[in-house]
Each structure stands twice: as structure tokens, then as C-alpha cells.
Amino acid sequence: MSSVMDDPTLERHFKGHRDAITSLDFSSNMKQIASGSVDACVMIWNTRPQMRAYRFVGHKDAVTCVQFSPSGHLVASASRDKTVRLWVPSVKGESTVFRAHTGTVRSVSFSSDGQTLLTSSDDKSIKVWTVHRQKFLFSLNQHINWVRCARFSPDGRLIVSASDDKTVKLWDKNSRECIHSFCEHGGYVNHADFHPSGTCIAAASTDNTVKVWDIRTHKLLQHYPVHSATVNSLSFHPSGNYLITASSDSTLKILDLLEGRLLYTLHGHQGPASCVSFSRTGDFFASGGADEQVMLWRTNFDSVDYSEVLEQKGAADEKASVHSRYSQPSAQESGAAGVSSQKSSSTAPVSPGAGQPDSVPAALASTLQHIVGQLDVLTQTVAILEQRLTLTEDKLKECMEMQRQSVSEN
């Protein structure tokens, strides 16, 4: 590899929660980080040093999951109090609330267009809602134990879910049918998500492992037994080249999916690391733990150009065959405190997706990102206008009804 990787570095600590952190997410512009905690609060941390954090109080029990809408204008939170709240991430902290399930709501997730909301629960169901007016659309009900996590695919056509029934299920959103159940985990499945290409899924389990499957062939691609305790959370780097995990062994692990190996072990949290998330651009990631701290890290290693690696691997490797036998990596302490770098091979590489272009010019990528951002803003504006129109219609109906009553009385 021609360029040398820089180690990730810890940039900032955020302290304010009064109990374990359960979930984290970055806003699309990287200016805010949302966190949820067992203390029943949602906090919005401003990444600019001079800005104060916002504490949102409303849930009556532990907050289990938080996520920003694609536009960044809303934050959804799920709670043990069986409700979901939609917050405006500003100093006022206005929110709407709806009772989503008959048990603890474990996860909440927006579709990529920001129009649909996905929830999962201890009532064993997954539910789909409209963001506008929080209208219930349908539920998926084949899990036989708590559903810890549910996520939309990047194109919004599929749903992946992770459950305490030890399965990961893949669903077709339109037909509402379960396409496949992945049963390879030996423990409860805490977290699952789609690869940015939409062709693979990864899951984290209480069996201390992370597994990656190809959703087209339903084959197990990679198997990472890199942790010594439960794996609580994972997050794909936007490039699709890396996966980061958080575990009860108190470490974060960064996996190189193209090489199929453990890249870094990060020691920062005292006690279990409960959640981790890359920023939308991948320049940063955040982690949370039982130590009540949110940590902001600079990625650094993602500047490596993988075009040479892909060329060397050739078409055969890019198809990503079933995982090979794992060999335990030997840790070599690097210069950065709390960071250890692993140099040993473990599994077959993940293909970033057949037919994908090698790179997009920076100017074009920036323009497209700006357009997508503007479309998100436009979508949210239309949703707000629709809501106001509905309120106006309701008031008009009330006025007409009152007029009718007064006429009939006269």
C-alpha cells in the first residue's frame, strides 16, 4: 500500500448524562451529536467548542435509541416507556410523542428520504410509520423474541432486523414478507445494519462476534471473533471499507473489510462500550459507554486510497467468497495512547459492489451532497406546510360545524 495509515485520535469528551449512554448519531452537517441514555434524557452536543449542549427531558424511562433525520431537522428517540419522540434539535427542544409499541421500543430509524420511520420493540414486532403525522402503516411479526434493532436499506426497499431469538431477518418493505433468516449467531443479536452499497449486512451479538452476509446469495462472507465480551453496536464507514464495533469488553474495534482483518483496537471507555457511530462523511466517529461519557474521535485512517488495493485483488477477490478461517491477530502497540494496531489477516474481503465507479470527483460529490441537502430541506418544508394545511382544514370544519349548529338552533 503506497500511503501510510494514521491512527485514530480522541478529540473530545462530552459529559452531561447521569447514567450509561445507549445510543449515538451525528447530524448530516457534523455540527451536532445526539445521544440517548438510561437517565431518560436525550442530549444534543454541539461539536463547535463555544456552543452549549441541549438536554431534552420528556421520556419517562431509559432512552434506548436516537437518530437524526437525513436533513438534520429532527431527532427521533425510542424509550423503555414504550413511546417514540420526534424532537427539533434546537434550544427549545420541542417534541411530539406517540405510543409506538406495547413493550420497550428498542430502536428507531429514518428511511434515507426522511419520510418513513422504523421502530422495533420487546413486543416482538417491527413497525413502519410516516414521519408526517406519525401515521402507522404496517407491522412485521415473525420474530419470536425481543427485536433489538431494525434498519432500512440505503434504497429503502429492504429492512434488516436483529432479535433475541438469535436471528437476523431480511424483509421486503413492499411485500412485507421475510426474504431470509440468518441463523448463524450463537447468542442474542444486539445490532444489525446495511453496508452502504446495500449488498451486505453486518450484525453484532452476545456471542462476542460480528458477522457479515451477502444479502443476494445469503452467504456468510466474514466472521470476526475479535471481542472478549458481548458486541453491543456497529457502524459502517460511508466508504464501505471499514466497520467499527463497540463491546462490553470496554474496547472499540475497527475492521478493514477489504483486507478482512482487525485494524485497530481503541481503549477509551471505563467499563462496557455500548454504542458507536461514524459521522456522515466518515471523518469522525463517536462512542458511548457505561461510564456516562460520549467520546468524539477523528478517523484519520480513512484517507488511504484503496484504488491500488482493488486493482491488485482483481475480479475474483471482489466477489467476496465465504469467510476463511480466522487467525487471532497479534497486537502491536502504536505510538498513539489507547490505540493498538493489528496486522494479521482474518477473512475474505467484502466487495464494495459490482460495477461501482472507483471515485467521484470532489466538486461533483460536493454539489450532489448540497442538492440532496436542499431536497431534504424542501421535503421537510412541504411536510410542515401539509401539517399546517391539515390544522387549517380541521379548524374550518369546526367553524362550519358550529355554524350548522347555530343555524339549526335558530
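Let's start at Lys169, which sits in strand 16, residues 168–172. One caution before going on: this is a predicted model.

So, Lys169. It is buried, yet it has no salt bridge. The nearest side chain of opposite charge is Asp165, and that is 5.1 Å away. The cut-off for a salt bridge is 4 Å, so Asp165 does not qualify. What does the Lys169 side chain meet instead? A polar contact of 2.7 Å joins it to the side chain of Ser181. Now the surroundings. Leave aside the neighbours within four places in sequence. Lys169 then touches Gln142 and His143. It also contacts Ile159, Val160 and Ser161. Cys178, His180 and Ser181 complete the list.

Stay in this region for a moment. Just ahead of strand 16 there is a loop, and it comes from strand 15, residues 158–163. Lys166 is in that loop. Its phi is positive, about 70 degrees, although Lys166 is not a glycine. Is Lys166 buried or exposed? Neither: it is partly exposed, because its relative accessible area is 37%. Compare that with Lys169, which is buried.

Let me step back to the whole chain. It has 410 residues, and 54% of them count as buried. The secondary structure comes to two helices and 30 strands. Take the contacts between residues at least 6 apart in sequence. Of those, 49% join residues at least 24 apart.

Next, strand 7, residues 75–79. How many of its residues are buried? Five of the five, so strand 7 is largely enclosed by the rest of the structure. Both faces are covered. On one side we have Val75, Ser77 and Ser79. On the other, Ala76 and Ala78. Every one of these is buried.

Strand 7 has partners in strand 6 and strand 8. Take strand 6 first, residues 63–68. It pairs with strand 7 in the antiparallel sense, over five bridges. Within that pairing, Val66 stands opposite Ser77. The two strands form a hairpin with six residues between them. Gly72 in that hairpin has a positive phi near 85 degrees.

Now strand 8, residues 83–87. Four bridges join it to strand 7, and again the two run antiparallel. Here Val75 stands opposite Trp87. This hairpin has three residues between the strands. The positive phi in this one belongs to Lys82, near 75 degrees. Lys82 is not a glycine. How accessible is Lys82? It counts as partly exposed, because its relative accessibility is 30%.

On to the sheet further along. It is an open sheet of four strands, in the order 10-11-12-13, with antiparallel pairing. The edges are strand 10, residues 105–110, and strand 13, residues 136–140. Each of those two pairs on one side only. Neighbouring strands in this sheet are turned by 20 degrees against each other on average, direction ignored. As a reminder, strands of a sheet pair through backbone hydrogen bonds, either parallel or antiparallel.

Look closer at strand 10. It is an edge strand. Is it enclosed or open? Six of its six residues are buried, so strand 10 is largely enclosed by the rest of the structure. Its partner is strand 11, residues 116–121, and the antiparallel pairing runs over five bridges. Phe110 has Leu117 as its bridge partner in strand 11. Strand 10 and strand 11 form a hairpin, with five residues between them. In the turn, Gly114 has a positive phi of about 75 degrees.

Last stop: Arg48. It lies in the loop between strand 4, residues 41–46, and strand 5, residues 54–57. Arg48 is partly exposed, because its relative accessible area is 36%. Which residues does it contact, beyond neighbours within four places in sequence? Arg12 and Lys31. Gln32 is also worth a look. Arg48 and Gln32 are 16 residues apart along the chain. Their C-alpha atoms are separated by 8.4 Å.

To wrap up, keep two places in view. One is Lys169, buried without a salt bridge, with its side chain in polar contact with Ser181. The other is strand 10, at the sheet edge, with six of six residues buried. Questions, please.

Technical notes: Residues numbered from 1 in each chain as written. Predicted model: local features only at pLDDT ≥ 70, side-chain atom pairs only at ≥ 80, totals over all residues. Heavy atoms only, no water. Pairing = 2+ DSSP bridges. Axes fitted to C-alpha atoms, helices over the stretch in contact; angles between N-to-C directions. Buried < 20%, exposed > 50% of the residue type's maximum accessible area, 1.4 Å probe, protein only. Lys, Arg positive; Asp, Glu negative; His and termini not counted. Polar contact = N/O pair within 3.5 Å; in protein donor to acceptor, adjacent residues only side chain to side chain. Contact = heavy atoms within 4.5 Å.
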